[in-house]
Protein chains: 2
Amino acid sequence: MEEKLKEFIDMLRKEGHKVTPQRIELFKIIKNCKHPTVEEVYHRINKSHPTVSPATVYKTIELLREMGEIQEMSVIDGKIRYETNMTPHINIHCIKCGKVEDVFSDRIQELFNEFEKKSQYEIKSHSFDFFGYCPDCKNQESSE
Amino acid sequence: MEEKLKEFIDMLRKEGHKVTPQRIELFKIIKNCKHPTVEEVYHRINKSHPTVSPATVYKTIELLREMGEIQEMSVIDGKIRYETNMTPHINIHCIKCGKVEDVFSDRIQELFNEFEKKSQYEIKSHSFDFFGYCPDCKNQESSE
DNA sequence: CTACATGCAAAGCATTTGCATAGCC
DNA sequence: GGCTATGCAAATGCTTTGCATGTAG
């Protein structure tokens, strides 16, 4: 975490952006959230730093997105959420309880390599999502 | 297309929804669009049926989503787009020119099967997206 | 000291809602 | 004929913008 923060600060400087307490705090909060909405990020920063405005939250999220630190996700409930874990993985969403789990697999990289070759695209990022019933909700389903 | 429309009409009836001209027309339009936004759907129906209101477009899109005919997609430009082709595939987005291509592969089904077994989830749908530079834009990139 | 970032309030838009009317079943 | 769907207009709520002030470099 400390390491990632330092890299982030370096990248800010390198790209000519200023290093402000708001940006540092928002980076820490966002990277510690799972798949936050703007609203959730705002509520969190509001607890520790009540003067930070929604405008700053929106602007910082947009900056992080441009810097490749976060990514907009597939939406299931209409609200845009942000992927903050940029390690290749698949999100499995339970469409009943709303839970989201990360799953890692070497197959993702394989698929990635296959498509890059086949399509002639230069692939920079991805977003993989499964939607279904988690083990708990699956059982409840069958008894309904 | 005719076949799909009939299935849709049957499903409407079966689920107790009424079959209206607006729903039929919106179904046809939406299924003929690639990855439309709400706005695009509204503009299209507005040309042929100028009295259809935005409210009806929103409600019908929500109905189609509930019925599993369409799905919200990963967003790249902030606007929610809808996946209207429910055949398993991956979308490759060019982050420069905005083009989106569908790619089909047996690997998707394999990945699907692997995860269903491994995770104990009952998977109902998915959304796979790659983001990068298409062959054309890739070359422009290198010469900049 | 200069330029960019922040915070606030207002503006802008997309989406939803309430309700009267129309039209499917 | 009953009950859902539609269309309209108003309301809501999220996001952006403009501008004065603060602050990093």
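This briefing describes one helix of chain A and the protein surfaces beside two DNA strands.

The model is predicted. Nineteen is not the count for both strands: there are 19 residues around DNA strand C, and 18 residues around DNA strand D. Helix 1 of chain A has its buried residues packed against helix 2 and helix 4 of chain A, and these two helices also contribute to the surface near DNA strand C.

**Helix 1 of chain A**

- Helix 1 of chain A runs over residues 2-14, a total of 13 residues.
- From first C-alpha to last, helix 1 of chain A reaches 18 Å, close to the 18 Å expected at 1.5 Å a residue.
- A:Leu5, A:Phe8, A:Ile9 and A:Leu12 are the buried residues of helix 1 of chain A. They lie on the same side of the helix because they cover an arc of only 100 degrees around its axis.
- The exposed residues A:Lys6 and A:Lys14 are carried on the face turned away from that buried side.
- The packing partners of the buried residues are helix 2 (21-31) and helix 4 (54-66) of chain A.
- Just after helix 1 of chain A, A:Gly16 has a positive phi of about 80 degrees.

**Surface near DNA strand C**

- Among the 19 residues around DNA strand C, those that come nearest are A:Thr20, A:Gln22, A:Thr56, B:Val19 and B:Tyr58.
- Sugar or phosphate accounts for 75% of the atoms of DNA strand C within 4 Å of the protein, and bases for the rest.
- Two phosphate contacts come from different chains: a polar side-chain atom of A:Thr20 lies 2.7 Å from a phosphate oxygen, and a backbone N or O atom of B:Val19 lies 2.7 Å from a phosphate oxygen.
- A side-chain N or O atom of A:Lys59 is 3.5 Å from a base oxygen of DNA strand C.
- Helix 2 and helix 4 of chain A, together with helix 4 (54-66) of chain B, each give two or more residues to this surface.
- By class, the surface has 7 nonpolar, 6 polar and 6 charged residues.

**Surface near DNA strand D**

- A:Tyr58, B:Lys18, B:Thr20, B:Gln22 and B:Thr56 come nearest of the 18 residues around DNA strand D.
- Of the atoms of DNA strand D within 4 Å of the protein, sugar or phosphate makes up 74% and bases the rest.
- A backbone N or O atom of A:Val19 lies 3.3 Å from a phosphate oxygen of DNA strand D.
- A polar side-chain atom of B:Lys59 lies 3.4 Å from a base oxygen of DNA strand D.
- Helix 4 of chain A, with helix 2 (21-31) and helix 4 of chain B, give two or more residues to this surface.

Definitions and conventions
Residues numbered from 1 in each chain as written. Chains lettered and ligands numbered in written order. Predicted model: local features only at pLDDT ≥ 70, side-chain atom pairs only at ≥ 80, totals over all residues. Heavy atoms only, no water. Helix = DSSP H or I, 4+ residues; strand = E, 2+ residues; numbered from the N terminus. Expected span 1.5 Å × (residues − 1). Buried < 20%, exposed > 50% of the residue type's maximum accessible area, 1.4 Å probe, protein only. Arc of directions from axis to C-beta. Contact = heavy atoms within 4.5 Å. Near = heavy atom within 4 Å. Polar contact = N/O pair within 3.5 Å; in protein donor to acceptor, adjacent residues only side chain to side chain. Nonpolar A, V, L, I, M, F, W, Y, C, P; charged D, E, K, R; others polar.
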